[in-house]
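Colleague: Please take a close look at one part of this model, the largest nonpolar core. I should like one connected account of what makes it up and of the chain around it.

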Protein chains: 2
Amino acid sequence: MKVKYYLLVLFIALGFSVISAQAQNQPTDSVVIRSLFREALTNGKSYESLRFLCTQIGPRLSGSTGAVKAVAWTKRLMEGYGFDRVYLQEVMVPHWERGEKEKATIKWANQKQDVPVCALGGSVGTGKKGITAPVVEVHTFEELKALGRAQVQGKVVFFNRPMNPAYTETFLAYRDAVNQRSSGAIEAAKLGAVGVIVRSMNLALDDFPHTGSTRYEEGGIKIPAVAISTNGAELLSRQLKAAPNLQFYFKMNPQTLPDALSHNVIGEIKGAEHPDEIILVGGHLDSWDLAQGAHDDGTGCMQAIEVLRLMKALNIKPKRTIRAVMYMNEENGLRGGQKYAAEALANKEKHLAALESDAGGFTPRGFSIEATPDKVAAIARWKDLLAPYGLHAINAGGGGADIGPLKNGKTTLIGFRPDSQRYFEIHHAATDTFDRVNQRELELGGASMAALIFLIDKYGL
Amino acid sequence: MKVKYYLLVLFIALGFSVISAQAQNQPTDSVVIRSLFREALTNGKSYESLRFLCTQIGPRLSGSTGAVKAVAWTKRLMEGYGFDRVYLQEVMVPHWERGEKEKATIKWANQKQDVPVCALGGSVGTGKKGITAPVVEVHTFEELKALGRAQVQGKVVFFNRPMNPAYTETFLAYRDAVNQRSSGAIEAAKLGAVGVIVRSMNLALDDFPHTGSTRYEEGGIKIPAVAISTNGAELLSRQLKAAPNLQFYFKMNPQTLPDALSHNVIGEIKGAEHPDEIILVGGHLDSWDLAQGAHDDGTGCMQAIEVLRLMKALNIKPKRTIRAVMYMNEENGLRGGQKYAAEALANKEKHLAALESDAGGFTPRGFSIEATPDKVAAIARWKDLLAPYGLHAINAGGGGADIGPLKNGKTTLIGFRPDSQRYFEIHHAATDTFDRVNQRELELGGASMAALIFLIDKYGL
């Protein structure tokens, strides 16, 4: 017994010393995270990749040639980094095309004034001659309903409720205003309107109309829907007070074509210990057709790829499989997110966590976590490791649209939360271009995501 | 005794109920802070004031006509808001003028290439013919000293140590690089150099030279000093490898004129209970001559004024005197800060705290506090009130240049800390213009400062 006990003690002591030596040889978490940031800020690739995606490929709405090019290029980009597996996942997507540039004119007495508009995504057209009709301005659906058919029939309904600037977090202002864009055409059509004009979802006053998807009810009447720039909305509202009987002319002829074959683009580093456990990081590759889709969501895609590249560059061998997913069709269908989740379910894939970057490539502020409270708390415990990089806001909250379909009560969904002040000035507008992206802000975002993925992989959830 | 005791209990009970009723009638701190942000974001004046300062007055280096105009306009602006007292404080300031636009050319073999340069503030000129000399590139003063007089004499020393991009906080990168600009000419002159070229203090690669003050030793030899754009620095460095004997030509003829009379511009709201206790909030009104001085430091000045305006707009009657100070001559002398502190001392003014905004008008991140640990802790205790507005980083740290001379072991000095990622792309360069300022970011900053001032005034320190 004594000898055995002695050996046991020796064994434990040796074991401890081995563990201790391993711990000493392993860099601490803070050192690894520091290295991820240093690599991103001194040798990052996301900015130059984003430059190519934005300026050489450009707009890439589902079904467009830009989307096809983006899929092929993104696959090659990841192959070039030597990830363990790079592949495409087929998905049928809607194919809506804007067609000729839209026109809109306010006409009163013998005067007229052009205003900047764009068709909302998915809208039907006006016909070649366009539509001319009087305008009724409302701010809420309640106000619209109170007007009733008598005051709406035959008119264009002008939804002019501004985003509320009093919020610090601009996504809350978007949440409060966006039903005008998404459902305005449905509500107006019910009362006999012939079209809708929606004030752009933009916190600034400027001359750029902001597109975004609009919906119709199954079997309902479809009326054309345009976004008007915020300056245009202010002008129209003033003019309506001066000349309530003014006429609004607009012409646009977008088309909805048959669904098209497209792809989610996927790359991964295989896990060394638990290859069947997946930690996903992603953004969406499609973008609206008016601009380059820089912040929405070229930045998210290039950051997701950068997460894997950073791990390879630092020779981090993850225990679990780290998978970057560039989703197709977030903007007008979410088919990529739905298809990915359906395939994951069919293949019995286990997703430990999914992290989405789709709020712009601005300075990182934190993460919002959609999971059980214990998992939110588990991530919040890493705050001392993350706060030195400005990642202070680690709270319960929404994960994101594309990863939403993965929700199953087990997978932790996480939204990357950058600073939101500038996002809605460029969101879905012609101003969402590469020159609006700051290199350091973009790189800090990729490194922030890599740091969180590193911790989740190392410690689990 | 019993009756007295009964009365005492009754009195205490009544007293408590009165206090309780008062507490109920007074809005809670979080409600007041919410109101400050709402007013700033929905009815803020700082952005339009900044537009005027930047676009109608423009550059305002000490001694310039722009500075004179800015002093008069800022005084009128505060008078228009009806502050209790608005006045000027005389201060003699340096008067340096850039003169004709600088020229610089790299010459080798039969080729030449112009590069963008600007004189560093305070530099002497080259004479009308300019200077042509060979170049020696160094990265540190140690490297320069190791070269010795033999390899430096008669040459232009090229200081080419980049700002370190690996820092998350860009001011640390500035701290590490700026001695090249401030003292490069001193060190190079000691070894017989005929001029210095300093890589611009800029984290981005672009074509804009960044000025900033350079120093000479009392009685030392003064040699001309230029900043070169970061792209220009990269080009020159490459070219030096290919053609080590290349010649660098540059011509500039700035002048140092006699000191000029100028002013700090001061406005205040008198304290209702302790008018002799001052809480100062400020920025600097002077700016470099190359641009509009938008982020440096038009934003800080307009935010300081907005703090007082917000308090008036919300009918907040401070206990203590809240004083906005627009300092003159931060950039090339700090005479305004020194004069203000000297006057405060002479007049036995008691400054409870001083808050400076001179790090740009970007999204607020927090405050750095230069005070005893108990006062740092006192401010940090308000973090739950401030964090909802993104003010997470409340730490010990530097206050600021202009308020520095107030340091006396009692006054709490505080630096407003906005996001720093974009600052050094525009700092002291022609790109520091109004269009680089985001309205919401600016307004959030003013409201953040007002919230902190409100708490300091209410609770003391």
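Modeller: Of the 461 residues in chain A, 54% are buried, that is, 20 or more other C-beta atoms lie within 10 Å of their own, whereas 12 or fewer would make a residue exposed and counts in between partly exposed, with C-beta atoms placed from the backbone. The model is predicted, so local features need pLDDT of at least 70 and side-chain atom pairs count only at pLDDT 80 or more, while totals for chains, interfaces and linings use all residues. Residues are numbered from 1 along each chain as its sequence is written, with chains lettered from A and ligands numbered from 1 in the order in which they are written.

The largest nonpolar core has 128 residues; such a core is a set of buried Ala, Val, Leu, Ile, Met, Phe, Trp, Tyr and Cys residues joined through C-beta atoms within 7 Å. Helix α14 of chain A, residues 439-459, gives the most to this core, with eleven residues; helices (H or I, at least four residues) and strands (E, at least two) are DSSP runs numbered from the N terminus. Domain 1 (28-96 + 258-459) and domain 2 (99-253) of chain A each supply at least three residues to this core, the bounds coming from an automatic or database domain assignment. Val157(A), Val196(A), Val226(A), Val307(A), Leu355(A), Ala450(A) and Ile453(A) have the most contacts inside the core.

Val196(A) may serve as an example. Beyond its neighbours within four places in sequence, Val196(A) is in contact with Val156(A), Val157(A), Phe159(A), Gly184(A), Ala185(A), Ala188(A), Ile223(A) and Ala225(A), a contact being two C-beta atoms, placed from the backbone, within 7 Å. In soluble globular proteins, nonpolar side chains tend to be buried together.

Apart from the largest core lies another, of 126 residues, including Ala324(B), Val325(B), Leu406(B) and Ala429(B).

As for the surrounding chain, chain A contains 14 helices and 16 strands. Among its contacts between residues at least 6 apart in sequence, 82% join residues at least 24 apart.

Helix α14 also belongs to the boundary between the chains. Here 23 residues of chain A are in contact with 23 residues of chain B. On the side of chain A that touches chain B, the elements giving two or more residues are α2 (29-43) and α14. The residues of that side comprise nine nonpolar, eight polar and six charged; Ala, Val, Leu, Ile, Met, Phe, Trp, Tyr, Cys and Pro count as nonpolar, Asp, Glu, Lys and Arg as charged, and the others, Gly among them, as polar.
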